[in-house]
Amino acid sequence: MFGFLRKRLGRRSSGVVNQSPTGSGLLDNAEQFANLVSGVRDYAVFLLDRNGHILTWNAGAERIKGYRADEIVGQHFSRFYPSEALYSGWPAHELRVASLTGRFEDEGWRVRKDGSRFWASVVITAIRDASGEVQGFLKITRDVTDRKQAEEKLRLSEERFRLLVEGVKDYAIYMLDPKGFVVTWNAGAEHLKGYQASEIVGAHFSRFYPPEAVARDWPEELLRGATVEGRTEDEGWRIRKDGSQFWAGVVITALRDETGTLQGFAELTRDLTERRQAEESNRLLLQEEAARKAAEEAAEAIERQREQLHVTLSSIGDAVVVTDEKGIINFVNPVAAALTGWEPHEATGQPLERVLRVINEETRQDVENPVSIVFRENRVVEMANHTALVTRDGREIPIEDSAAPIRGKDGTIGGAVLVFRDVTAARRAMEASLYLAAIVESSDDAIIGHTLDGEIAAWNRGAERLYGYKASEIIGQPLALLVPPDHPDELPMILDRLRRGESIEHFETQRLRKDGSRVDVSLTISPVKDAEGKFIGASKIARDITAQKEEDRRKTEFLALLAHELRNPLAPLRNGLQVIRLAAKHPDAVEKARALMERQLEHMVRLVDDLLDVSRISRGKLELRRETLLLSVAVSHALDVCAPIINEQEQELIISQPDEPMYLDADKTRLAQAVCNLLSNASKYSDKGSRIWLTVAREGQEAVIRVKDEGIGIPPEMLPRVFDMFMQVDRSLEKSQGGLGVGLAIVKRLSEMHGGRVEARSEGEDKGSEFIIRLPTIAAPVEAPSRETVKAPTQAATGCRILVVDDNVDSATTLAKVLNLMGHEVRTAYDGKSGLEAAIEFQPALILLDIGMPKLNGYDVARSIRAQPWGQSITLAALTGWGQAEDQRRSEEAGFDFHLVKPVEPESLERLVAGISAQSA
């Protein structure tokens with residue numbers, strides 16, 4: 001951008017813009033400069049005089065800073081600086097530096113018109129005349145707030161992670177490259193292993209392993225396992241810098257980029273030496289206790305110790321069975337008795353295999369008695385998973401168990417102790433958890449868990465589909481990431497209610513997807529408690545209600561549209577009645593009023609018929625009265641119905657049909673209805689005097705009816721939906737043409753019921769449309785019905801000062817006639833643009849103005865009139881079929897004095913005109 005300006009403004013190599021030696025050079029070039037950069041929107045580019053006052057202002061400056069040119073030109077550029085910059089004299093400093101060096105660059109906060117701040121990149125260049133004296137400055141500003149925020153967020157994230165890792169002293173946390181060389185080293189690693197970062201970074205991590213582990217390639221094996229599985233865990237001896245060994249618990253995690261390429265490994269190491277020593281001490285303690293008991297010679301002492309042991313084991317929550325050196329049971333505690341079904345006195349003296357039968361749940365085979373393994377291998381034994389105890393009555397109970405030898409003082413085994421527990425409840429809890437997790441994961445709704453601080457802790461597939469984030473991207477992030485910036489109070493309110501233990505049901509709001517788009521959702525939020533009943537977070541179910549909101553919106557639009565379409569014909573009907581009442585002695589006027597009333601009544605009948613057809617279609621009750629039919633007969637019937645509509649718009653209908661007859665098995669009335677609907681649509685959405693083509697042809701075994709127009713066309717994204725019920729391509733007030741949006745849906749259904757199909761084509765907006773019906777033909781009957789000739793409809797020949805503006809010609813002319821008969825001077829116009837021109841020329845006292853009109857809607861006409869000096873005293877009355885509160889509010893904002901809903905009562909109209917006449921008198 002700056003290079004482009006330099007070329008166009010003749011910038012010198014020294015970095016200042018050259019100007020003419022006269023004092024007016026800057027102003028001359030300012031006008032050229034303003035023309036040059038006026039359309040630039042990505043940069044604020046403007047000129048300052050030598051004192052910093054603004055001379056020019058482009059579109060980019062208006063977009064970035066919020067001021068229009070007429071608001072800011074002539075003001076000092078320091079207006080854009082925050083108070084702290086003004087206090088320090090920073091704007092003046094910028095100009096001084098630019099004057100001295102020719103150029104000043106800076107980044108910092110600036111202030112928009114609305115008071116909001118943005119981070120700006122600024123370049124100020126001095127503009128000098130031929131003598132080298134500063135005449136002014138060129139200033140270029142870019143909004144780089146997004147970049148600044150992204151940099152700050154990344155910096156804070158990296159800083160928090162670095163401080164977190166470096167501050168941990170109880171764990172060695174460090175990173176390896178893909179080959180196992182150390183690349184980072186935290187304080188915990190230095191404390192645990194004795195190396196400083198400068199000593200170990202760059203060395204291979206196998207340095208921490210004993211020689212025998214290195215010899216069997218164990219470090220590399222751990223890396224290979226992490227590479228394949230993503231994560232590997234290990235416990236074993238490791239070596240410190242001073243050569244001492246410690247028992248370590250290690251977790252190695254593979255790190256990959258977005259493409260799956262291995263980037264290295266993260267290793268976390270804990271010192272478990274104390275735990276291992278405690279376990280070993282415990283094992284030795286049990287052995288010593290067993291040996292002591294076995295070696296006790298005094299019967300009384302043995303009995304006392306045995307009793308103490310029995311009491312202890314009886315009070316343990318797990319099942320305990322003790323045997324002698326031959327595997328004969330000599331003790332069973334109450335829990336073991338309850339699980340096995342053997343009372344203690346029955347089990348005592350029995351071989352362990354008889355009382356304690358254990359099977360593999362998967363293979364159904366007996367599992368070797370653990371006490372036998374203890375005696376054979378002289379070690380503690382833990383049973384494998386999937387084992388079940390077979391009780392005395394044949395029931396199976398899943399268990400976890402372990403067995404340990406009881407040794408005497410001389411180390412000989414004098415028996416064994418077996419400990420086991422029923423894991424049914426634990427397994428059920430695990431299964432319930434797995435079921436719940438599966439339900440959550442498979443739900444179509446988004447299910448999210450978060451802490452009371454608003455940090456996301458759980459994320460299911462439904463949430464991924466709804467919001468676009470993967471779990472790995474969003475877990476740990478704040479909930480605020482999903483909340484639109486214009487909902488600032490919503491999240492604090494929700495979190496506050498959750499902290500009070502409240503639930504939130506079906507809260508409708510909006511949320512942000514990953515791509516920045518918004519989605520309408522219904523939220524149900526429930527607090528989550530821990531085992532102690534303390535609230536620790538919340539679960540949130542979010543349901544996408546976009547389709548529901550769209551359906552509600554379409555229903556609301558349809559009801560408003562239905563009210564509008566039913567009111568519109570009522571206005572000319574009531575006006576016609578007034579004409580008949582007031583012009584009883586004028587037969588011509590009465591006859592014209594009667595004719596227009598008949599047309600409007602037919603229009604209302606068509607609306608009601610369309611609604612009834614929609615009802616029949618939705619209930620599957622629409623039936624065809626088929627007959628062998630000449631296609632030309634149905635087309636001729638359709639033209640008879642549509643002729644008044646096309647003639648009213650003075651449109652030219654070009655008809656092309658083949659000479660050969662084409663026969664269909666069809667319902668003449670319904671087929672004519674489909675063709676008439678297409679012709680009516682073509683007329684409605686085309687300009688007055690435009691052309692419409694009706695082409696009938698045979699293509700193979702099909703009759704093809706094409707209706708083409710030069711109208712508003714159909715946007716590409718709307719083509720697949722034009723045949724949906726209650727769908728209109730354009731419902732804007734400028735192109736309001738009436739109708740309920742059901743005509744094309746009826747055409748589609750009627751075509752399909754005749755065994756055919758319909759399609760829509762358009763090259764886009766304002767490029768016209770073409771609708772094509774394809775129907776199967778049948779062979780000519782033996783006695784062919786007579787053919788009817790299709791004829792193109794013929795073209796129709798087309799007090800108080802009051803202007804009536806309405807695109808409904810009947811409504812406008814009848815209202816004008818009523819006002820004429822009341823003794824007023826009246827003119828009419830039939831679209832917004834013509835109405836504005838007539839108002840300028842006619843200068844009426846009262847304008848009765850429709851809202852939904854082509855070319856220019858009523859709101860815009862009213863605003864244009866109120867903007868003129870002569871338009872301040874004119875009374876503006878909206879006369880429209882749009883009668884909802886929002887419509888009345890909009891008409892008041894546009895400058896209307898009254899809002900009259902069609903059909904207006906004659907008395908109300910008379911009172912309105914009388915009041916204006918009285919004011920003018």
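Buried means under 20% relative accessible area, exposed means over 50%, and partly exposed lies in between (1.4 Å probe, protein chains only). This is a predicted model, where local features need pLDDT of at least 70, side-chain atom pairs count only at pLDDT 80 or more, and totals for chains, interfaces and linings use all residues. Residues are numbered from 1 along each chain as its sequence is written, and side-chain values use heavy atoms, leaving out hydrogens and water.

**Exercise 1. Two residues with positive phi**

Task: find where Asp-217 sits, and decide whether Asp-217 is buried, partly exposed or exposed.

Solution. Begin with the elements: helices (H or I, at least four residues) and strands (E, at least two) are DSSP runs, numbered from the N terminus. Asp-217 falls in the loop between α10 (211–215) and α11 (218–229). Next, apply the cut-offs: Asp-217 is partly exposed because its relative accessible area is 32%. Then turn to the backbone, where phi of Asp-217 is near 65°, a positive value in a residue other than glycine. Most residues other than glycine have a negative phi.

Now try Glu-650 in the same way. Its phi is positive, about 55°, although Glu-650 is not a glycine. Glu-650 belongs to the loop between α24 and β23, and with 27% relative accessibility it counts as partly exposed.

**Exercise 2. The residue after Glu-650**

Task: say which side chain Gln-651 contacts through polar atoms.

Solution. Place Gln-651 first: it lies in the loop between α24 (631–648) and β23 (652–656). Gln-651 counts as buried because its relative accessibility is 0%. A polar contact is a pair of N or O atoms within 3.5 Å; within protein, one must be able to donate a hydrogen and the other to accept it, and residues adjacent in sequence count only if both atoms are side-chain atoms. The partner is Ser-683, whose side chain makes a polar contact with that of Gln-651 at 2.7 Å.

**Exercise 3. Phe-46 and its aromatic partners**

Task: work out how Phe-46 and Trp-57 pair, and which residues share their aromatic cluster.

Solution. Rings of Phe, Tyr and Trp (its six-membered ring) pair if their centres lie within 6.5 Å; planes under 30 degrees apart count as stacked, over 60 as edge-to-face and the rest as tilted. The structure holds 14 aromatic pairs. In one of them, Phe-46 and Trp-57 are 5.1 Å apart centre to centre with 45° between the planes, a tilted pair. Phe-46 comes from strand β2 (residues 44–49) and Trp-57 from the loop between β2 and α3 (59–65), eleven residues apart.

Check the accessibility next. Phe-46 is buried because its value is 0%, and Trp-57 is buried at 11%. Together with Tyr-67 and Phe-80, these two form one aromatic cluster.

Finally, look around Phe-46, taking contact to mean heavy atoms within 4.5 Å. Not counting residues up to four places away in sequence, Phe-46 touches residues including Phe-33, Ile-54, Ala-61, Phe-137 and Lys-139. The C-alpha atoms of Phe-46 and Lys-139 are 5.6 Å apart, although 93 residues separate the two along the chain.

**Exercise 4. The nonpolar core**

Task: name the residues with the most contacts inside the largest nonpolar core.

Solution. A nonpolar core is a set of buried Ala, Val, Leu, Ile, Met, Phe, Trp, Tyr and Cys residues joined through side-chain atoms within 4.5 Å. The largest one has 44 residues, and Leu-631, Leu-671, Leu-679, Leu-694 and Ile-773 have the most contacts inside it. Follow Leu-694: leaving aside neighbours within four places in sequence, its contacts include Val-635, Leu-653, Leu-679, Ile-705 and Val-707.

**Exercise 5. Confidence**

Task: find which stretches have pLDDT under 50.

Solution. pLDDT is the predictor's confidence in each residue, from 0 to 100. The protein's mean is 81, and 82% of its residues reach 70 or more. One stretch where pLDDT stays under 50 is residues 6–24, for which the model has 41 contacts beyond four places in sequence. Another is residues 786–798, with 31 such contacts.
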